[in-house]
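Work through the exercises below with the structure in view. Each task is followed by a solution in steps.

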Amino acid sequence: MINKAHVLTYFYLLIYILLSSGVILYNKWVLSPKYFNFPFPITLTMIHMAFSGIVAFFLIRVFKVVAPVKMTFEIYATCVVPISAFFASSLWFGNTAYLHISVAFIQMLKALMPVATFFMGVMCGTDKPRCDVFLNMVLVSVGVVVSSYGEIHFNIVGTVYQVTGILAEALRLVLTQVLLQKKGLTLNPITSLYYIAPCSFVFLFVPWCLLEKPGMEVSQIQFNFWIFFSNALCALALNLSIFLVIGRTGAVTIRVAGVLKDWILIALSTVVFPESTITGLNIIGYAIALCGVVMYNYIKVKDGRTPQLPSDSIPERLTKDWKLEKKSSDIFTPNANNDANGGSNFNGSELNDEEAPLLSSRISLLGRQLSNSSTQRV
């Protein structure tokens, strides 16, 4: 008999993979001089931020779909502002890379994300140096170097932009853990857009005035409302699909879906953009890097699993926090069967994607609290 819950879960994953791939390909098509020819990545990112912020405002303040969190000025200034700065930077540099290198090569460079996140975490004290993880990082780095060496249309400028965007994204993820989690603040994609999108828009406004505004004034740009509206709508839909995926899947499923998405996107990019050529050395290098990523994911999932506690050993405050989180942060009730793949320890920040801001769910919150409770009892 077909399990409807599992079918729905895989349907959400399929939607997430399609939207994620679609947003990346759409952005490349809009920015590329060979196609729509709108070579202004900061402007495109600002459009996304403005549209997402407005929609999030209506969802929270007008339609009351999601309740806002308790946000003080101190938390906003010390947490949201720096995180928004790195979020805006990662989108700015990442979108600028589309002007210089292919989508396929960008996805291969994104294999460096675990490497950047690990080293940033070690520097900030959120992660500990480990020999097994370090060896995985070396394997990933070697694979990316081999893939870069095999790139026919290698462009140093585009590569620097993409790597810089990866570093900014890694800093954002680490800051999310260091700042927001210490404050006990949990944001889902809708509330995070509500607080972060306007701030990111402001951060992007300064480089836009210096770098793109003069060029837009002298060049004859084509502004098609429906193109930019649909592009921003796809980016917003991606965030909402992530909201659904977080609630229904576990860490293993998310990571496997991410790997599958990357392969699909690389294949699609060569079809949509015929000028993107993939060499055998590209594939070999990316396969090497992917082996390191898969091994790293396995280690993180294995380390993240916590022993099952009897129901009567869970502190009363855990139940209280669960109920509070249920009321304030989510509108989605995950399936109880989803913990089979380690879902209780999934942290939303593992879903690194285009336009995806801070991602967190009560699933990760419960996992952390269970872990802390278990530690206190030892």
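Contact here means heavy atoms within 4.5 Å. The model is predicted.

**Exercise 1. Contacts along the chain**

Task: Find what share of the contacts in the chain with a separation of 6 or more comes from residues 24 or more positions apart.

Solution. Take the contacts with a separation of 6 or more, then pick out those between residues 24 or more positions apart: they account for 87%.

**Exercise 2. Elements and surface**

Task: State how many helices and strands the chain has, and what percentage of its residues count as buried.

Solution.
Step 1. Counting elements gives 13 helices and zero strands. Read along the sequence, the pattern is therefore α repeated, written α-α-α-α-α-α-α-α-α-α-α-α-α.
Step 2. A residue is buried if its relative accessible area is under 20%. By that cut-off, 51% of the 378 residues are buried.
Step 3. The exposed area of the chain is about 17,800 Å², and carbon and sulfur atoms supply 68% of it.

**Exercise 3. A pair of helices**

Task: Decide how helix α6 is oriented relative to helix α11.

Solution.
Step 1. Two packed helices are described by the angle between their axes and the distance between the axes.
Step 2. Helix α6 covers residues 131–149 and helix α11 covers residues 280–304; they pack at about 160°, with axes 7 Å apart.
Step 3. Angles over 145 degrees count as roughly antiparallel, so α6 is roughly antiparallel to α11.
Step 4. The crossing of α6 and α11 is left-handed.
Step 5. The residues of α6 that meet α11 include Asp-132, Val-140 and Tyr-149. On the α11 side, Leu-281, Cys-291 and Ile-299 are among them. By class, this contact has 16 nonpolar, six polar and one charged residues.

**Exercise 4. Two residues in helices**

Task: For Ser-21 and Ala-232, decide: buried or exposed? Then list what each residue touches, leaving aside residues up to four places away in sequence.

Solution.
Step 1. Ser-21 lies in helix α1, residues 4–31. Its relative accessible area is 3%, so Ser-21 is buried.
Step 2. Ser-21 touches Lys-261 and Leu-265.
Step 3. Ala-232 belongs to helix α9, residues 225–248. With 2% relative accessibility, Ala-232 is buried.
Step 4. The contacts of Ala-232 are Ile-47, His-48 and Phe-51.
Step 5. Ala-232 and Met-49 are 183 residues apart in sequence, while their C-alpha atoms are 8.4 Å apart in space.

Notes
Residues are numbered from 1 along each chain as its sequence is written. This is a predicted model: local features need pLDDT of at least 70, side-chain atom pairs count only at pLDDT 80 or more; totals for chains, interfaces and linings use all residues. Side-chain values use heavy atoms; hydrogens and water are left out. Helices (H or I, at least four residues) and strands (E, at least two) are DSSP runs, numbered from the N terminus. Buried means under 20% relative accessible area, exposed over 50%, partly exposed in between (1.4 Å probe, protein chains only). Accessible areas come from the Shrake-Rupley method with a 1.4 Å probe; for residues, only the protein chains shown count as cover. Axes are lines fitted to C-alpha atoms, for helices over the stretch in contact, and angles run from 0 to 180 degrees between N-to-C directions. Angles under 35 degrees count as roughly parallel, over 145 as roughly antiparallel, 65 to 115 as roughly perpendicular and the rest as oblique. A crossing is left-handed if the near helix is turned anticlockwise from the far one by less than a right angle, and right-handed if clockwise. Ala, Val, Leu, Ile, Met, Phe, Trp, Tyr, Cys and Pro count as nonpolar, Asp, Glu, Lys and Arg as charged, and the others, Gly among them, as polar.
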